[in-house]
Structures are given as C-alpha cells and as structure tokens.
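Colleague: Could you take a close look at a single part of this model for me and walk me through it slowly? I'm new to this, so plain words please.

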Amino acid sequence: MTSFSWSVLRPLDMLAVRFEFFNLLLVRSGPVVPSRLVREQPAEEAVIVVHFPPQHTAEAVATGADFPSIPMLGRVAGASRLAFRLRSGVDQLPFTLEALFDWTSVEANLVPVAQQRRGTVFEGLAQAPPLRPPAATETAIELPYGLVLSPHPGGGWAHSVRPVSHEGRTELWHTRLGVASTGPDGAAFVDEEQAGARYVRAVLALEPLDSTNDIGTTLTAQERSEIVTLSSDFAKSKDGAAYRPDPVEIDRLMLSARGGWLRAHGDWAGPPGIGLSQWQHVATQGRDHYVRTVKEGLLFPFGHRAAHVTISERVIEHQGGRDDGPLIAELRERHIIVVREPVKTYEADHFPHGGPEMPFWRSLRITTLSMPTTPEDIIGSHGAFWVMREAPAQAEPAMFHMVGTDASGTESDFSAALIFVPRTVTDASPEISEILLSIVRDVYRASGDVVSVGRRRIPLGGAQVAYAPPADPARPGDTSLITEALAFDVHIDTGQPTAPTALPFLPTLEAARVQLPAVEQLTAASESVTVVLAPVFLNAGLDATANPAQLFAQVTASELEVALPAERGAALARPDLTVSGLSRSLGPVGGDLAQLTSGVFEPSAFFQDNAKLLGAVSVGDLVAKVFSETQFPKMLSHTTPDAVVATFDWEPKIADDAKIAPLKSRAPGISLKLHTRLERPLNGGPTRSSVSATLSNFTFSFAGVLEAHFDALSFRSENGGQPVVSADLADEGIVFDSPLEFLNILRDFIPSDGFSDPPALAVSPSGVTVGYSLALPALPLGVFELENVRLGASLNLPFRDGLASLRFNFAERHDEFLLTVEGLGGGGYFALALGLDGIEMIEASLEFGAAVALDFGVASGSVSVMAGIYFHLEAKQTECSGYLRMHGEVEVLGLVSVSLEVLMSLRYIDEAGSPHRIEGVATVVLKIDLTLFSKSVEFTVRRSFAQSAGDPSFGDVMPEADDWARYASCFA
C-alpha cells in the first residue's frame, strides 16, 4: 500500500500540519476539474493521517524546599497524529484544503481498545481486545509527555479551515475534540457542548517502568502505565469478574502547532495491583499548569485506607529563593495524605491470637483526615514512605491524631507517626508483598521503642487503657492501666483471602509503658514499668481453666517493687512483692508466672524476702501454699463517675505453726485480714480512705522469756486520721517463762484490755506505741515484800522496718518500789524489753540494808550497812555490778568525832568492740575531827581483769629500773 505526504504551513495563524495518505493516489486534473484523491486498492482501507508537531513539554518539578534554577531539565513529547479512513463506498476525495479538514465526512481510525464505547465489558477475557501500540495509520496523541491518548469512535474535531481574526488579531489555528453529531437536516457536525460524551482512552505508555530517563516530571512512568491499564485494559479482572475500564473524561482537548491544551480527569476503582485512583491534568499550550494524582494505599501499622495526593502546580517564585532574583514560573509539587477510612474496626479472626494482641480492636478512629507532607521514602519498598511534616519544616514525622476504643469501651486520644504503603505493595503477589512489607516493618521497628524517643513511640499522656476485657463491664478498671506510651509491631499475613476487611498486615501491641493505678494509689508512689501481653493471655484469653491466675500482662523486667505503706494497710504485715505480672482478678502479682499459669502458688517466690509480719515472720512462710484468690494480695482499681477507687484486700490461709515461729496459732486458728479502700475524687477533692488490719488468734513468744496471747491485734484508720490500735489479750494474757516464772503472780494484775483502750498512744512516722501504767497493791513474794509498785507495759508496732516489741516495767528508775527482805529494807526497779527475735533490754536494780544508832550521853554513834546489785543487758553491752557500803561513826562529848566508811564494788562490763572485763574498786575513808583540827585520809584500790591476749605484761607495768629495785628489795 503506497503512501505520500503533503505539508500545510500558513504563517498567518501558524497552521502547521502534515497530511500522509495511505492507499490514496493523487489524480491531478486540468484547470477546470480540480485534483482529487482516489482509492488505489478498492478492497482495502484508504487512510488519511494528520501529523502535528509535539503537543507537550514535560518539565522537572521542584519538590520540598528546593528552589528552581535556570535552565531547568525538560522532555519534549513526540509528534501526535489523527488518523481517518474513508467511509465504505467512498473511493475519492477532492484534494482541497476544505476537503482535507472536513473530518466529519471521514471515520476515525483507532486502535481496538479505543474503539470500545463507555461501559463495555468483555465477560470472556479471550475476546477482549489486546493493548498494543497504535499503528502508523491509527490515531496517537502524546499529551501529556509519555502518554498516548485516543478518542473514542464517537469523537469529532472542530476547527476553522480559514484563519480567524478578531479586531486585527488572528487566532492560533487549533482543532478541538467534541462529539460527532447529526443535525435535523441530516448534516454532520461536531457538538462541543456534550461534555459527558467527550472522553478518551490512554492506549500506550511510552517509557518502561524501569526507565532511568525520569527527571521528576508531573507524572511518573508508573502512573502513566497505570492510567493505560485503568482506562483501556479490558483483559483485567476484579473481584472474580471482568474489569470494566473507565475512560478519561475530557473537559478540553485542543491540538495546535504550538502545543496542546488538556483538561482531563479520571476516577477509577481499579483491579488489584493498581494504586492510582484519580488523575486530573491541566495543560495549556503544551505546558502543565496543574496535575493531581491520587494513589490508594494503607497507613502502617494500623491499616486505615488512605490516599496519597500529589499536586503539581505552576507557581511564580523568585529564582533561588532570593527576593531580588528573577521571577520564574515553575512547577512545584505538594503531597497530601487523605484518610479514606477514618474509623477502622478489626476482625478478631484475622489476628493470629484472635484479637487480644490489639488493645483498640473495637475501633481506631483517625480525626486528622488530611495531612500535608513531604514524603521520606523507604528504600527498597517500592513506594512506601514516612508521612513527614511538610517542608520547609524540620524533618519530623507528621503526627496523626487518633482515638482508640479499648476492650472496656473507653476512648483514648493519642498521636502517632505513620507510614503510607501504596496499594501496589499490598496487592503484589503474596511472596513479593511479604518481602516488601517486611522491609517496611524493619524500618518501622528500628525507629524507636516504648521507652526511648522515636517515631514508633506513641505517647498517651497517662490515659487509661484496658488491655483485656474487664470482669465487670459496668465497672471497668481491673484491666486498665495508666499508659504513658505504646509501641506497636505488625503481623504480616499476605496469604489472607481478599475481602473488604482483610489486611495484609495487622497491628499488634509490642509493649506499653504504664503505671499501675492500684499500686500508685495504694503506695502513694508513681513509677512506670514496661509491660507486654502475657503469652497465656494471647493463647488462652482469660479462661479460668487454661489461665487460672487470669494473667493478661507481664512486666519485662523485675523493676517495680510494691511496698504498701503502714498507713495504707501494712502496719501489721508487709506483703511486699516485685511485680512480674498483672492479673484481672488479682491485680499486680509477683513470683514465677509459669507457676501461676499452671495453678501453682509458691509464696516464697511470690513475696520479697523482706516481706514480714510484724517484722519477724516471713510472709512467704506465713501464707499457705494453696492456689486460691484469697492467698494473693489483691490490688485493684476502677473508675466511678466521681472518683478513682483503689482497693487492697488480703485474707490468706495461714501455714502450719512450725514454719512461722515465733508466731503460734490459737484456736480456732490464725487469721490475717488487710483491707484498704482509697477514693480519689475526680474534682480534685481530698482523698477518702479506709484502712483496717487485723491479726487474730495468735501467740507471740518473746525469746522464750515471755509469751503474749492475743485474741486480736488490730489497726484502723479513716481518711488519714490518727490510727486506732487495739491489742486484745486472751484469757491467758501474758505468761512468763523460765527464768522469770516467779513473776507469773503478776498475771492476776495485768488487765486483759490494757491495750484495747490505752491511756497512752504515740504515733510517729516510724510506728505506733500503745501502753498503760497501773499501780499494784503490796505483793508478798516469799521472803520479799514489794510495795509502791507501778506496773507499766507498752507495745510497739513499727510501720516499716524493725520488729514488734513488748516492754514491761516494775517501777521506774525515777520512782522505785520499796523492798523488804526479812526485816531489811530497800528499793529498786525492773524493766524488760523483748522483741520477736530476742531480748532487747533487761535493766534491774535492787538495794537493801540496815542502820543502827546508839547514844550513851557521853558518846554516841551509828552504824549502817547497805548492799545492792545493778544489772543491765542490751544488744551491744552487758553490765552487772554489786556493792557493799559500811559506815561507822562515833562522837565523844562533842569534841572528838571519828568516822570510817568502807565501800567495795565489783562491776562486770561486756561492750561490743572491747574485751570483757571485771573492774573492782575498794575505798576506805577515815576522818578525824577535833575541835581545832580535822584530818581526812582516803585509800582507794582499783583493779581490772580483762579477757584478752593484749593484757599488759609485768615489764609493761614496771618500766623504770628504780621501781624494779624497790620492788625486789621487798623480797630481799
């Protein structure tokens, strides 16, 4: 089939086209008959192709804060062409300008996909026309650069054959796309008003996807390829049916010698693997003015559907950003993330553990529906990028405000940095998609954690978040924690069946930085810990059989020690523990979580070593090894409409007596009850509190010296007021053991309610002391007779450190009792302080003697003899001393007086850090008093004997030679 061409150039209106003729011969005639084009082969098509100069120039787009510089890179499109074929039965055509530009008399010659009308679907994909490049005899309009468009068969072109002038100015010649129509008279014309019927299909993308020739134009090679697929590929399928490609709607399409005009837009819900959903393009005389593309995707890690909007718009700026620089009109690119799915709900069966790994599975709502951004590409991910703040801001992530609804129905506000993952990644083959998503996940994981500052850390500012379903939906809080921050990971599952709610990745909670409301309220301390969801909770939920302790979270490290203050319940017992896990029914728990998971309770592992009852009995030994809720100290919290309520309840079963010495059980058995309730009003009012602690039916053995039998020992406090301490002695009361059994006679005088309503109560930060003092009648004790005896007793309960102690005293150092021993008189006092771990102090003093006075008139005199003993025993010192004092005096006629006093004492001292020693002192004082003369002589001898290898030698005490000589002469 032969061809020839003919060019038309008209300077007045810049008409510049080239006609190329296929299967047409030019037959020239004489001056009367005009020349004509004749079909050469009657059985074949005769085609006229109108060639136009390039219709578009692609320019580099400025991104971010970059300023353009001159010259700028660009790409010029190839030539465009319109192809027409003579209608059937027409074999010739006048070879005139009017005939050649009368395109209503000919038919458009188009590629097969462009010939399909809007709405066409081929159910049999084998019947679908294939995508192929337009042949040389088919229409191909490269506008914009790299993208070939073709009108549909019903399209028509309107233009003027002759130049058009207005007020001395001539229009640039151009042709406009319209709709081929027929008038009432049967004449064909082009209707330019039917905008709905004016459309084209993109039939070819000229650059391959892996092209290295991309200079950053308004459309990428990937986008151009997707526009072709979306508008012209009839061989695709979607949701199990044939895909219907929708054409590109045209508001304006004009061709000229100086470039084309284009105002086009397309909206698609494409087949899998295509991310582009919208394209809008405005170009004037071959240069872009406004280009907008929308690509669908998901926001990582939560999976909300979103769109990446890219807008390239021509703006006028100073070159280089300098105010004095020349003004240039350049294309600047902007990016916006638009949230398509503001509220995300999750299907529990899509998660590997059925949903508990996502605390906001009920719903996760994004309130930031539009976010300008400057993307930060993730290398190797095929288009995924961090959503960053829009330039010229600092390179920081853009924060999306979100509202999550947890398992209790409570909403929590927070802001999170997100990654946009295009649909082309998630719709790829399962193998490729998993690889690409793994790259995104690795980058996300490396961006921070729940503790350090990073993009993955999601601050919550202390919001209450329920990490498991509460036991009582009407009173949520037993699984709610004060949350400082969250960190999420994702579970990738690209093999899920395609469904509207299915996601190729699912958010899973990696860790949370939390405060425990119950612990915070009860201990008056605020300390955050890192927790993760317990494996038993993920695998079995809160099933009582598979998860008897109802664990839902575990602490990542033993970093939270719970020490309940005395004023909040730990006055009698300190159930201190290091929190290792969190239970819905028990609150914070310690010990080996694997044991608790299997229904084993080991108190010695659950409680800390310093957890004590009255400072003496290990709580780990006190509590029986029975797996029951009562065995665990239960610390829970919940929120009412008016207050945050924290409770502490503990009533454990007690172990056998053999394990809890010096504590002994009394019928019907020891019971310990600790209950605390704190209410912190939400309006900022004062905290209301109620604290009670009771230890019942027990006996304390104090160092084998004394046993105190109690019906109950209790501690009560209301609203932080002065505590009420009560110690109810049993009928046995206080019993002295050997070697103080002789004091049991005092038991009849010791009141059983002496500690219940004590006259003495002292409260300090260190503890509570209750006591009483009671005057006793004269007590006959064999050869002893005691009078003026005051019996005192005090019970000391330390709040935090130390042991409970009991002190008894008979009289005091400053108020001694009177002692009579077989007619001899004296006095003294006795005090005994006992702790649960032994004797703390014993102090006693006894003194007795006799005195005789004689008067014979001429002479008078007196004689006295006194003896006494003092004993003091403490932890670091023991002291025992005795003395004998004899005094005699005689006076004659008032003129001569002679007195003699002999004092002998012996003292045993045992001090820590010093050798044991005995000190003896003897003193004789002789005094003579005459009328005009008085003389006193005193002799003292002191000796000390120490139990030490360091005692001085004989040579040490006799160092001088003269001393030795005098000593030796005594034995000469």
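Modeller: Let's begin with Glu45, which is partly exposed, with a relative accessible area of 44%. Keep in mind that this is a predicted model. The side chain of Glu45 meets that of Arg85 in a salt bridge, with 3.9 Å from N to O. Since Arg85 lies in strand 8 (residues 80-85) and Glu45 in the loop between strand 4 (36-39) and strand 5 (47-52), the pair ties together parts that are 40 residues apart in sequence. And the story goes on past these two: salt bridges that share partners join Glu45, Arg85, Arg87 and Glu107 into one network.

Now step from that loop into strand 5 itself. Is strand 5 mostly enclosed or open? Six of its six residues are buried, so strand 5 is largely enclosed by the rest of the structure. To call a residue buried, its relative accessible area has to be under 20%. Here's a handy bit of background: in a regular strand the side chains alternate between the two faces of the sheet. You can follow that in strand 5, where Val47, Val49 and His51 sit on one side and Ile48, Val50 and Phe52 on the other. Both faces are covered, as those residues are all buried.

What does strand 5 pair with? One partner is strand 2 (residues 15-22), joined to strand 5 by five bridges, and the two run antiparallel. To find the place on screen, look for Phe22, which stands opposite Val47 in strand 5. Another partner is strand 8, which also runs antiparallel to strand 5, with six bridges joining them. There, Phe52 has Ser80 of strand 8 as its bridge partner. Strand 8 should ring a bell: Arg85, the salt-bridge partner of Glu45, lies in it. So strand 8 is joined to strand 5 by bridges, and Arg85 of strand 8 is also tied to the loop that holds Glu45.

For some context, the structure holds 26 salt bridges, and two others make good comparisons for you to click on. In one of them, the side chains of Asp13 and Arg10 meet at 2.6 Å, N to O. Are those two buried or exposed? Asp13 is buried, and so is Arg10. Glu45, as you saw, is partly exposed.

The other is formed by the side chains of Arg176 and Glu192, at 2.7 Å from N to O. This pair links distant parts of the chain, 16 residues apart: Arg176 is in strand 16 (residues 174-182), and Glu192 is in the loop between strand 17 (188-191) and strand 18 (199-205). Arg176 is partly exposed, with a relative accessible area of 23%, and Glu192 counts as partly exposed at 32%.

If you want to retrace the whole thing, start at Glu45 and cross the salt bridge to Arg85. Then go back to strand 5, with its two covered faces, and finish at the bridges that join strand 5 to strand 2 and to strand 8.

Methods
Residues numbered from 1 in each chain as written. Predicted model: local features only at pLDDT ≥ 70, side-chain atom pairs only at ≥ 80, totals over all residues. Heavy atoms only, no water. Salt bridge = Lys/Arg side-chain N within 4 Å of Asp/Glu carboxyl O. Buried < 20%, exposed > 50% of the residue type's maximum accessible area, 1.4 Å probe, protein only. Helix = DSSP H or I, 4+ residues; strand = E, 2+ residues; numbered from the N terminus. Pairing = 2+ DSSP bridges.
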